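Colleague: Could you give me a close look at one part of this protein, beginning with the residue you would choose as the way into its interior? Please then follow the packing outwards from there, so that I can relate that part to the elements around it.

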Amino acid sequence: MRIAQVAPLFETVPPTAYGGTERVVSYLTETLVELGHEVTLFASGDSRTAAQLVPVVERSLRLDPRGPDWLIWHTVMLDQVFAQAPDFDVVHFHVDCLHYPLVRRCPTPCLTTLHGRLDLPDLAPLHRHFREQGLVSISNSQRRPLAESRWLATVHHGLPPDLYRFHPEPSDYFAFVGRISPEKRVDRAIRIAQAAGVKLRIAAKVDRADQQYFEREIAPLLDHPLVDFVGEIGESQKGEFIGNARALLFPIDWPEPFGLVMIEALACGTPVIAWRCGSVPEVIDHGISGFIVDDIDGAIDAARRVDALDRRVCRDVFEQRFTAHQMASRYVEVYAALSAARGPKRAADDAQAQLSG
């Protein structure tokens, strides 16, 4: 199939450090190429891909010191995408809702994977207005606030199977990986580690929007002998960082749409201790690949028992459910269904055009 992947421009594809959506787009794109599809990737010019790259802007926006206007560059990208849309069998968007009005006027089948939280109040009227948009959720829990939308499928994220190696023997620390923000609750992770008497290593970035929260709420907690704040780490460091941990702590306080770091941990053989929020019950098998908890006391108890879990089983769960090949194959099924549904309509439109001519 001829497939267009439309990525956000905030990070490179794949990102050099933090960046969930762009990372998933990369894994999907490269696997589709491996499967023999003709893929075109619309992304920042510093992206790396085996697909045909359309470099919309010279470099990713977040790390550009000039502070480019994200809306301007995404507008330019969408114009390029729709100008080339007739060349594709399907166009796959990963840029929220910016393209919805243009999709209505596009004869090429389009779908949108929504990567963020969907319980924000303005999203319901938006999707009622654009109720014909074909959407893909990244977990079943993610779609609940927009249950009446046109959901084509749920496709869980996947990783290349050789991206992370299995770590059968961990070191003596817990890991927290992600972003410092109120909903990620690194403060809970610190409490858990302190109560269990285990070192906590924190690999996380601090966005400008969360800087005040970090300085006010989190920075004072870092001055403790069991807490090691590493900061943001790149992909090359993540495997060892997570793989050597006794457990990944995922103490979230929001409806997490998926939580890519959970399957990164499973790929390393590292069990996950996570709050019962959002997608967590769809990803973690309680008592098998980790523990799902409801409060801080349950998390502390799980931290004390986590070494009883079989790390080989954690890796097996990853290989059975969360590889990039499984993700890409599921998306190909969605693409094929969209193209098949388009077939009769396109034939009718072509016949009408011939008669009109």
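Modeller: In this predicted model, I would begin with F174, which touches A193, A196, V198, K199, L200, R201, A245, R246, A247, L249, A303 and V306, leaving out residues up to four places away in sequence. F174 belongs to the largest nonpolar core, which has 90 residues. Within that core, F174 is among the residues with the most contacts, together with L200, I202, V272, I273 and Y335. There is also a second, separate core, made of 20 residues, including V6, F42, V91 and C106.

One of the contacts of F174 is A303, and this leads to helix α10. The helix covers residues 296-305, and its buried residues are I296, A299, I300, A302 and A303. Viewed down the axis of α10, these buried residues fall within an arc of 160°, so they line one face of the helix. The face turned away from the buried side carries D297 and R304, which are exposed. As for what the buried face meets, the buried residues of α10 pack against strands β8 (173-179), β12 (272-275) and β13 (290-293), and also against helix α5 (186-196). The N-terminal end of α10 is capped by D295, a side-chain oxygen of which lies 3.3 Å from the backbone nitrogen of D297.

The strands just named belong to a sheet. It is an open sheet of six strands in the order β10-β9-β8-β11-β12-β13, and the pairing is parallel. At its edges are β10 (227-229) and β13, each of which pairs on one side only. From one strand to the next, the twist averages 20°. Strand β9, residues 199-205, is joined to β10 by three bridges in the parallel sense, and R201, one of the contacts of F174, has D228 in β10 as its bridge partner. Helix α8 (residues 260-268) also packs on this sheet, where it touches β8, β11 (247-250) and β12. The direction of α8 makes about 170° with that of β11.

Helix α5, against which α10 packs, contains D187. The cut-off for a buried residue is under 20% relative accessible area, and D187, at 18% relative accessibility, therefore counts as buried. The side chain of D187 makes a polar contact of 2.9 Å with the side chain of R185. Beyond its neighbours within four places in sequence, D187 is in contact with Y213, I218 and L221.

Moving along the chain in the other direction, V155 sits in the loop between β7 (151-154) and β8. With 2% relative accessibility, V155 counts as buried. Its contacts, apart from neighbours within four places in sequence, are V136, S137, I138, M327, R330 and Y331. The C-alpha atoms of V155 and P182 are separated by 27 Å, and the two residues are 27 places apart along the chain.

Strand β7 brings in another sheet. This open sheet has seven strands in the order β3-β2-β1-β4-β5-β6-β7, paired in parallel. Its edges are β3 (52-55) and β7; each has a single partner strand, so one side of each is left without a neighbour in the sheet. The twist averages 20° from one strand to the next. Strand β2 (residues 38-43) runs parallel to β3, and four bridges join them; L41 stands opposite L53 in β3. Helix α1, residues 20-34, packs on the sheet and touches β1 (2-6), β2 and β4 (90-93). Its direction makes about 155° with that of β2.

Strand β1 merits a final remark. Four of its five residues are buried, so β1 is largely enclosed by the rest of the structure. On the β2 side, β1 pairs in the parallel sense over five bridges, and R2 stands opposite E38. With β4, the parallel pairing of β1 runs over four bridges, and Q5 stands opposite H92.

Conventions
Residues numbered from 1 in each chain as written. Predicted model: local features only at pLDDT ≥ 70, side-chain atom pairs only at ≥ 80, totals over all residues. Heavy atoms only, no water. Buried < 20%, exposed > 50% of the residue type's maximum accessible area, 1.4 Å probe, protein only. Helix = DSSP H or I, 4+ residues; strand = E, 2+ residues; numbered from the N terminus. Arc of directions from axis to C-beta. Contact = heavy atoms within 4.5 Å. Polar contact = N/O pair within 3.5 Å; in protein donor to acceptor, adjacent residues only side chain to side chain. Core = buried A, V, L, I, M, F, W, Y, C linked by side-chain atoms within 4.5 Å. Pairing = 2+ DSSP bridges. Axes fitted to C-alpha atoms, helices over the stretch in contact; angles between N-to-C directions.
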